[in-house]
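Student: Hi, could we go through this structure together, step by step? I'd like to begin with what a core is.

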Amino acid sequence: MDWAHLSKLLILCVPVATTLFAQDESHRPVEGIMDNSFLIEEAYNQEDGVVQHILTSVYGVDRLSHPKRRALDFSFTQEWPAYGQAHQFSYTVPYSFVRENGRSANGIGDVLLNYRYQAYLDKKTLTGFAPRFSLVLPTGDAERGFGNDTVGYQWSLPFSTTLGDRWFVHANAGLTYLPDAGAKSAHDFLNYNLGASAIYCLSARFNLMLEWVGAWNQTAADTGRIQRQLASVISPGLRYAFNFRSGSQFVLGLAAPIGLTRAAPELSAFLYLSFEHRVFGENQ
């Protein structure tokens with residue numbers, strides 16, 4: 001390629017780059033996309049009158065199974081503010097398609113009912129703390145591996161803050177208690193999780209992400225013995241926001257989670273879709 005063709009290509013790329021990376025003059029870059037992480041829970045409740053719909057899809061290959069287990073997992077979450085931003089209710093519905101040992105199966109998982117309290121929020125530094133409690137409903141078929149056949153309880157402690165105008169950092173800690181879980185023999189399972197992420201805001205609409213999550217899960221082996229496994233994943237990704245004149249926002253995200261331990265999927269592909277809009281109250 002000669003310099004003439006290269007210069008023409010660069011000229012054509014200028015409008016695209018300008019659109020993609022141009023900053024919104026009315027916001028700092030970190031204020032453009034605030035509550036759209038993939039694997040990490042951010043500590044920002046929905047604003048008063050704004051509802052958010054989140055759809056995620058992840059395709060993963062399980063290296064522990066022989067032959068390898070392949071799964072396509074979907075999750076839909078809807079978040080609603082209640083009496084202002086301090087209180088938020090949401091629900092999460094998982095659905096999975098699994099192929100293992102030459103057989104295919106699909107079904108709904110255990111549904112979560114969530115309540116989150118905005119215990120602290122500094123709007124200048126965007127430092128937030130929002131503990132969450134969830135009720136795990138036994139809606140999945142435990143015999144087919146889609147649920148735990150028990151009512152469970154989940155607690156999460158998400159923390160978020162910014163470093164300057166372009167960096168987000170987030171941290172999570174939580175546990176899930178599943179009493180009398182299991183389809184064949186009941187056991188009390190207590191699972192722990194940690195997570196952290198760093199997000200760099202190239203602009204108010206385009207972010208680069210790096211997330212890490214680790215889950216220490218109890219499982220029952222075929223012998224009946226209880227064992228604990230660590231599933232650790234690191235996930236590079238990116239997200240882009242489409243902002244509409246009505247104040248609504250659509251966020252598209254892509255990531256490639258990589259398993260760091262044998263209990264984690266060897267390689268995954270992650271898709272994130274979010275749409276939030278105002279349903280009542282005054283426009284902002």
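Tutor: A nonpolar core is a set of buried Ala, Val, Leu, Ile, Met, Phe, Trp, Tyr and Cys residues that are joined through side-chain atoms within 4.5 Å. Please keep in mind that this is a predicted model.

Student: Ok, so how many residues does the largest nonpolar core have, and which have the most contacts inside it?

Tutor: The largest one has 15 residues, and those with the most contacts inside it are V30, F38, L126, F168, V251, F270 and Y272. The elements giving two or more residues to this core are β12 (187-201), β15 (249-255) and β17 (265-278). As general background, nonpolar side chains tend to be buried together in soluble globular proteins.

Student: What does F38 touch?

Tutor: If we leave aside its neighbours within four places in sequence, F38 is in contact with M209, E211, L238, R239, G253, L254, A255, F270 and Y272. There is also a second, separate core of five residues, which includes I40, V213, V233 and A264.

Student: Zooming out, how many helices and strands are there in the chain?

Tutor: The secondary structure comes to one helix and 17 strands. Of the 284 residues in the chain, 40% are buried, and the chain exposes about 15,400 Å², with carbon and sulfur atoms supplying 62% of that area.

Student: And what share of the contacts is between residues 24 or more positions apart?

Tutor: Among contacts with a separation of 6 or more, such residues account for 55%.

Student: New topic: S134. Where is it, and is it buried or exposed?

Tutor: S134 lies in strand β8, which covers residues 132-136, and S134 counts as buried because its relative accessible area is 0%, where the cut-off for buried is under 20%.

Student: Which side chains does the side chain of S134 make polar contacts with?

Tutor: One polar contact, at 2.5 Å, is with the side chain of N114, and another of 2.5 Å joins the side chains of S134 and R132. Not counting residues up to four places away in sequence, S134 touches L112, L113, N114, G152, Y153 and Q154.

Student: Can we look at a hairpin? In which sense do β3 and β4 pair?

Tutor: Strand β3 (residues 87-100) and strand β4 (residues 103-108) pair in the antiparallel sense, over six bridges. The bridge partner of E100 is R103 in β4, and in this hairpin, which has two residues between the strands, N101 takes a positive phi near 55 degrees.

Student: Last thing, aromatics: how many pairs are there?

Tutor: The count comes to 13 aromatic pairs. In one of them, the rings of F76 and Y91 have their centres 6.3 Å apart and their planes at 55 degrees.

Student: Why is that pair called tilted?

Tutor: Planes under 30 degrees apart count as stacked and those over 60 as edge-to-face, with the rest tilted, so the 55 degrees between F76 and Y91 makes the pair tilted. F76 lies in strand β2 (residues 69-82) and Y91 in strand β3, so the pair ties together parts that are 15 residues apart in sequence.

Student: Are those two buried, exposed or partly exposed?

Tutor: F76 is partly exposed, with a relative accessible area of 29%, and Y91 is partly exposed at 30%. The rings of Y95 and F97 also form a tilted pair, with centres 5.4 Å apart and planes at 55 degrees; Y95 is partly exposed at 31%, and F97 is partly exposed at 38%.

Student: Which residues do ring pairs link into a cluster?

Tutor: Ring pairs link F206, Y240, F242 and F250 into a cluster.

Conventions
Residues numbered from 1 in each chain as written. Predicted model: local features only at pLDDT ≥ 70, side-chain atom pairs only at ≥ 80, totals over all residues. Heavy atoms only, no water. Pairing = 2+ DSSP bridges. Helix = DSSP H or I, 4+ residues; strand = E, 2+ residues; numbered from the N terminus. Buried < 20%, exposed > 50% of the residue type's maximum accessible area, 1.4 Å probe, protein only. Contact = heavy atoms within 4.5 Å. Areas by Shrake-Rupley, 256 points an atom, 1.4 Å probe, with all protein chains shown as cover. Polar contact = N/O pair within 3.5 Å; in protein donor to acceptor, adjacent residues only side chain to side chain. Phe/Tyr/Trp six-rings, centres within 6.5 Å; stacked < 30°, edge-to-face > 60°.
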